[in-house]
Amino acid sequence: MAKGHSFLNHKLHSLLGLFPIGLFLLFHLTANYQATRGPEAFNQVVGMIEHVPFLLAVEFIFIYIPILFHAVYGIYIAFQAKHNVGNFGHFRNHMFLWQRLTGIITLIFIAWHVYETRIQKALGAEVNFDMMTNILSDPLMVVFYTIGILSTVFHFSNGLWSFLVHWGITVGPRSQRFATYLTMGIFVIVSLIGLRAMSAFIL
């Protein structure tokens, strides 16, 4: 019974990393990318999001709760896993280790980002271009956000590779090798989108 629950939890953990968390990440970075077109374009996108009906309920059901489960179970996996990089040093062993490390970094980054934006909004602040410009006026925050974006995108991209394996979509070595190239390509492209969006707020 315990093994059955563990199997289902692994499946759910993997699935939530893609749907809806991964999709939200892509949407969020794409929305932020509008900042490259100027403050008005970014503020317009934010305004559209803020007018989504029952926004708070939508955020909790499709973002916060899935992230919370994914994070808590991911931490459990990270501390239960036995890293064998030192013994074998194979590429996938390194990726396995980096997946766990970036998971911890991503959790810290998301928690801080939510505090600086959504929680501040609840306290009366306005989420807009000026808010992000003010946050990224600190060079330390630029470094922190750069590491956070790269960690989050890597965790998503490499997690996509794990999803394809765990769900039996890529079974053989050839398909898994192709998935590696595909997911690393996604990492590069999405990272560039995220970092370009961030740079638009740095004046």
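**Exercise 1.** In this predicted model, find which residue Lys-121 forms a salt bridge with, and say which helices hold the two partners.

*Solution.* Start from the side chain of Lys-121: its salt-bridge partner is Glu-50, with the closest N and O atoms 3.5 Å apart. That fits the cut-off, since a side-chain nitrogen of Lys or Arg has to lie within 4 Å of a carboxyl oxygen of Asp or Glu. Next, place the two residues: Lys-121 belongs to helix α5 and Glu-50 to helix α3, so the bridge ties together parts 71 residues apart in sequence. Finally, check accessibility: Lys-121 is partly exposed at 33%, and Glu-50 is partly exposed at 24%.

**Exercise 2.** Work out which residues are joined into one network by salt bridges that share partners.

*Solution.* Stay with Glu-50, which also meets Arg-118 in a salt bridge (3.0 Å, N to O). Now move on to Arg-118, whose side chain also meets that of Glu-59 at 3.0 Å, N to O. Glu-59 lies in helix α4 (residues 55-80) and Arg-118 in helix α5, so this pair links parts 59 residues apart in sequence. Glu-59 is buried, at 9% relative accessibility, whereas Arg-118 is partly exposed at 21%. Put together, the network consists of Glu-50, Glu-59, Arg-118 and Lys-121.

**Exercise 3.** Describe how helices α5 and α7 pack.

*Solution.* Take the geometry to begin with: α5 (residues 91-122) and α7 (residues 139-166) pack at about 130°, their axes 7 Å apart. The two helices are therefore oblique to each other. Their crossing is left-handed. To finish, sort the residues of the contact: 13 are nonpolar, eleven polar and two charged.

Definitions and conventions: Residues numbered from 1 in each chain as written. Predicted model: local features only at pLDDT ≥ 70, side-chain atom pairs only at ≥ 80, totals over all residues. Heavy atoms only, no water. Axes fitted to C-alpha atoms, helices over the stretch in contact; angles between N-to-C directions. Helix = DSSP H or I, 4+ residues; strand = E, 2+ residues; numbered from the N terminus. Parallel < 35°, antiparallel > 145°, perpendicular 65-115°, else oblique. Left-handed = near helix turned anticlockwise from the far one by under 90°. Nonpolar A, V, L, I, M, F, W, Y, C, P; charged D, E, K, R; others polar. Buried < 20%, exposed > 50% of the residue type's maximum accessible area, 1.4 Å probe, protein only.
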